[in-house]
Amino acid sequence: MDISARIEAAIGKAIAEGQGGVAPPRLASALDYAVTPGGARIRPTLCLHVALACGDDKPALSDAAAISIELIHCASLVHDDMPCFDDADIRRGKPALHKAYGEPLALLTGDSLITAGFEVLARVGDADPKRALELIRILGIRTGMPYGICAGQGWESEEQIDLSAYHKAKTGALFIAATQMGAVAAGQEAAPWEELGDRIGEAFQVADDLKDALLSAQDMGKPAGQDAANHRPSAVAELGVQGAIDRLNDIMSGAIDAIPSCPGRDDLAQMVRKTAERLVPAKAIQAAE
């Protein structure tokens with residue numbers, strides 16, 4: 001089974017478990033709405049590529065690690081789109097969840113997806129309790145405070161913003177989770193994999209800042225110009241368009257060098273290169289010229 005098929009099968013199973021029993025029908029429907037369609041599934045794909053590069057000796061753990069990250073990511077999108085944050089009307093080319101189901105169910109959907117992320121890991125604990133516990137610990141760190149996506153969102157409410165800390169928490173956290181959890185699922189230590197995840201996460205944030213500034217809502221499938229409209233910090237605001245592009249190139253060059261020694265290092269490096277090439281669409285580069 002290829003990586004994409006592994007991801008979709010595992011996500012489908014996790015959502016079906018949340019929809020079982022006597023689940024409230026509309027909330028159960030909203031769970032599926034929040035994760036489908038799934039965009040590029042970059043974070044779980046990265047996680048599985050790292051696990052494969054490290055041997056992938058326990059695929060059930062690798063799949064659970066990858067899916068738990070994606071469920072947390074989808075939860076963050078649901079919450080980010082709500083009126084108290086971005087007040088976005090569209091996400092992935094369709095109405096944002098709070099527009100389709102209302103704010104109460106959007107809040108509960110996000111909460112349910114976060115809970116499901118940890119539950120997915122707990123269910124495979126018997127495969128290797130030590131690894132599973134470490135996976136849960138990493139996911140907790142990269143979801144909450146002070147280093148997770150909750151902290152990243154929290155920075156937007158501060159008068160003085162540490163841009164580096166903001167980017168590392170808001171976007172980088174789940175990429176660090178992806179690289180570290182992929183390694184841990186395959187029996188490797190987490191620490192050496194932090195820099196790779198951090199670099200890829202920062203690159204994605206810079207790329208997102210560029211797309212927000214240069215592309216249309218139709219191109220992105222979500223509202224454009226949100227950083228300027230909401231007075232949020234961004235690489236474009238701080239460095240200018242060309243400066244942000246240069247920064248993106250520097251980050252991804254360093255990402256290749258940051259890959260730790262592992263059996264599948266060459267294949268993983270190729271995956272990172274391809275990811276870098278896809279980060280900023282040609283339309284954004286043309287708009288910058």
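# Backbone outliers, one long helix and the empty spaces

D87 counts as partly exposed because its relative accessibility is 44% (buried is under 20% relative accessible area, exposed over 50%, partly exposed in between, with a 1.4 Å probe and protein chains only). The model is predicted, so local features need pLDDT of at least 70 and side-chain atom pairs count only at pLDDT 80 or more, while totals for chains, interfaces and linings use all residues. Residues are numbered from 1 along each chain as its sequence is written, and side-chain values use heavy atoms, with hydrogens and water left out.

## Backbone

Most residues other than glycine have a negative phi, and most peptide bonds are trans. D87 has a positive phi, near 50°, and is not a glycine. D87 sits in the loop between α4 and β1 (90-91). Helices here are DSSP runs of H or I with at least four residues, strands are E runs of at least two, and both are numbered from the N terminus.

D56 is another non-glycine residue with a positive phi, about 45°. Its place is the loop between α3 and α4. Is D56 buried or exposed? D56 counts as buried because its relative accessibility is 12%.

Cis peptide bonds come next. The bond from T36 to P37 is cis, with omega near -5°. P37 belongs to the loop between α2 and α3. From M145 to P146 the peptide bond is also cis, with omega near 5°. P146 lies in the loop between α7 (129-143) and α8 (149-154).

## Helix α10

How far apart are the end C-alpha atoms of α10? They are 30 Å apart, which agrees with the expected span of 30 Å for the 21 residues of this helix (residues 194-214) at 1.5 Å a residue. The expected span is 1.5 Å times one less than the number of residues.

Buried residues of α10 include L196, G197, I200 and G201. Further along, A203, F204, Q205, V206 and A207 are among them too. D209, L210 and D212 are also buried. The cover over these residues includes α3 (42-53), α9 (163-185) and α11 (217-220). It also includes α12 (226-229), α13 (235-257) and α14 (265-278). Contact means heavy atoms within 4.5 Å.

## Aromatic pairs

There are two aromatic pairs in the structure. One of them joins Y33 and Y101 edge-to-face, at 5.3 Å centre to centre and 70° between the planes. This pair links distant parts of the chain: Y33 is in helix α2 and Y101 is in helix α5 (residues 97-101), 68 residues apart. Rings of Phe, Tyr and Trp (its six-membered ring) pair if their centres lie within 6.5 Å; planes under 30 degrees apart are stacked, over 60 edge-to-face, the rest tilted. Both tyrosines, Y33 and Y101, are buried.

## Cavity

The structure has one cavity of 30 Å³ or more. The largest cavity has a volume of about 120 Å³. Its lining has 13 residues, and Y33, A34, R91, K94 and L97 are the closest to its centre. At least two lining residues come from each of α2 (25-35), α4 (59-80) and β2 (94-95).

On a 1 Å grid over the protein atoms alone, a cavity is a set of points where a 1.4 Å probe fits but cannot get out; a pocket is an open set with protein on both sides within 12 Å along at least five of seven lines; lining residues have an atom within 4 Å of a point. Points are joined across faces, edges and corners, and a volume is the space filled by probe spheres set on them.

## Pockets

The largest pocket holds about 1400 Å³ of space. It is lined by 50 residues, with H73, L77, R91, D208 and K222 the closest to its centre. Which helix gives the most to this lining of the largest pocket? α4 does, with eight residues. Among the elements that supply at least two residues each are α3, α8, α9 and α10. α11, α12 and α14 also do so.

The second largest pocket has a volume of about 270 Å³. Of its 14 lining residues, A10, K13, A64, V120 and V124 lie nearest the centre. α1 (3-18), α4 and α6 (103-123) each give at least two residues to this lining. The largest share, six residues, comes from α1.

The table sets out the linings by class.

| Space | Nonpolar | Polar | Charged |
|---|---|---|---|
| Largest cavity | eight residues | one residue | four residues |
| Largest pocket | 20 residues | 12 residues | 18 residues |
| Second largest pocket | nine residues | no residues | five residues |

Ala, Val, Leu, Ile, Met, Phe, Trp, Tyr, Cys and Pro count as nonpolar, Asp, Glu, Lys and Arg as charged, and the others, Gly among them, as polar.
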